[in-house]
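Hi everyone, thanks for coming. I'd like to walk you through some charged side chains and one pair of helices, so please have the picture in view.

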Amino acid sequence: MAARSNLWLTLVCFIVYFGQVWGQKTFIPLVINTWSFTNATEKAWNVLSNGGTVLDAVEKGCADCEVEQCDFTVGYGGSPDENGETTLDALIMDGTSLDVGAVGALRRVKNAIAVARSVMEHTTHTMLVGEQASAFAVEMGFAESDLHTHKSVEQWIAWNNTNCQPNYRKDVTPDPRMIVIGANGTSAGGSSTNGAIHKVPGRVGDAPIAGAGVYVDSEVGGAAGTGDGDITMRFLPSYQAVEYMRSGMAPDKACQLALSRIGKKYPEYHGALVCANIKGEYGAACHWPGLDKFPYSIRNPTVKSTTLEQVNCEQ
């Protein structure tokens, strides 16, 4: 069978909310988000602006994409696996305590980012997966529902009718990721995805892995990425970018260097990163053969509404 390198989009938001630095004009709070999921960016901004915590902003921003089914790679009704089932991955991270909650291969529960937060706040674990993650969600009061839609069923039937090509067997995609760095030096990060379409059942990508798709540290800032999650999780580029910023590197340079480590090993790697530090400075980088520019959206006090920006992609 032919190998498939399907990629999914990633939403990432950084909300930097430390207040004004004495005697200086600042660019915080800041929301920065991969791709053009501007409604999620705006939702996170509004939650924070109305007094919500950084964790609230991350959760609600990611949840907005779960409800809207952003590009059908987030939330229910997208990316059916080989058996035709949609499952969800999600992560939320507190940048102050570095606590993490995550779920992988979550079944029959739509609110993946909220379930991940329950893992963080109501257990001492970091990740729950599969059927047991669903059972935990039900214990926490989340409703079970069908994650299929007519669209996802039709996707699976069409794929099945082409002899299941392309696929991930070999010797054998977009989702929301959000980072909030908030008032009094608090920060949080989150992600939610339905993963790679036609994936092998049980596959979990980089979205629920701290340091792979998302990483935050209130002493520094945060980083998050999108692209080929199976390769991304081998390098932990979000964690690496934060460590580069800790040493004083500018956000755009930190993003570039973290991605360059992957590109050296995997020249055909598809991926992008956005980074922001506690001063509200931000940047992005892209290593994506075939993609000219990588779009991301930002919101801070210097703009009146969510604004799209782009960065050139290395080929």
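Let me start with the term I'll use most: a salt bridge here is a side-chain nitrogen of Lys or Arg within 4 Å of a carboxyl oxygen of Asp or Glu. Please keep in mind that this is a predicted model. So how many salt bridges does a search of the whole structure find? The count comes to 13.

Let's look at a few of them. Arg107 and Glu85 pair through their side chains, at 2.7 Å from N to O. Those two sit in distant parts of the chain, 22 residues apart: Arg107 belongs to the loop between β4 and α3, and Glu85 to the loop between α2 and β3. Arg107 is partly exposed, at 29% relative accessible area, whereas Glu85, at 18%, counts as buried, because the cut-off for buried is under 20%.

Next comes Glu131, which forms a salt bridge with Arg108; their closest N and O atoms are 2.4 Å apart. Glu131 is in helix α4 and Arg108 is in the loop between β4 and α3, so this pair ties together parts 23 residues apart in sequence. Glu131 is partly exposed at 35%, and Arg108 is partly exposed at 28%.

Now, which residues are linked in a network of salt bridges? They are Glu85, Arg107, Arg108, Glu131 and Glu144, so you have already met four of those names.

Over to another pair: Asp230 and Arg203 meet in a salt bridge at 3.0 Å, N to O. Asp230 is in helix α6 and Arg203 in the loop between β7 and β8, with their positions 27 residues apart in the chain. Arg203 is buried at 13% relative accessibility, while Asp230 is partly exposed at 27%.

Here is a charged residue without a partner. Asp64, in helix α2, is buried yet has no salt bridge. Why not? The nearest side chain of opposite charge, Lys43, is 5.8 Å away, and a salt bridge has to fall within 4 Å. Beyond its neighbours within four places in sequence, Asp64 is in contact with Asn39, Ala40 and Lys43.

Finally, the helices. The axes of α7 and α8 come within 8 Å and cross at roughly 135 degrees, and they are therefore oblique to each other. The crossing is right-handed. Among the residues making the contact are Pro237, Tyr244 and Met245 of α7, and Leu257, Arg261 and Ile262 of α8.

That's my tour, and I'm happy to take questions.

Technical notes
Residues are numbered from 1 along each chain as its sequence is written. This is a predicted model: local features need pLDDT of at least 70, side-chain atom pairs count only at pLDDT 80 or more; totals for chains, interfaces and linings use all residues. Side-chain values use heavy atoms; hydrogens and water are left out. Helices (H or I, at least four residues) and strands (E, at least two) are DSSP runs, numbered from the N terminus. Buried means under 20% relative accessible area, exposed over 50%, partly exposed in between (1.4 Å probe, protein chains only). Lys and Arg count as positive and Asp and Glu as negative; His and the chain ends are not counted. Contact means heavy atoms within 4.5 Å. Axes are lines fitted to C-alpha atoms, for helices over the stretch in contact, and angles run from 0 to 180 degrees between N-to-C directions. Angles under 35 degrees count as roughly parallel, over 145 as roughly antiparallel, 65 to 115 as roughly perpendicular and the rest as oblique. A crossing is left-handed if the near helix is turned anticlockwise from the far one by less than a right angle, and right-handed if clockwise.
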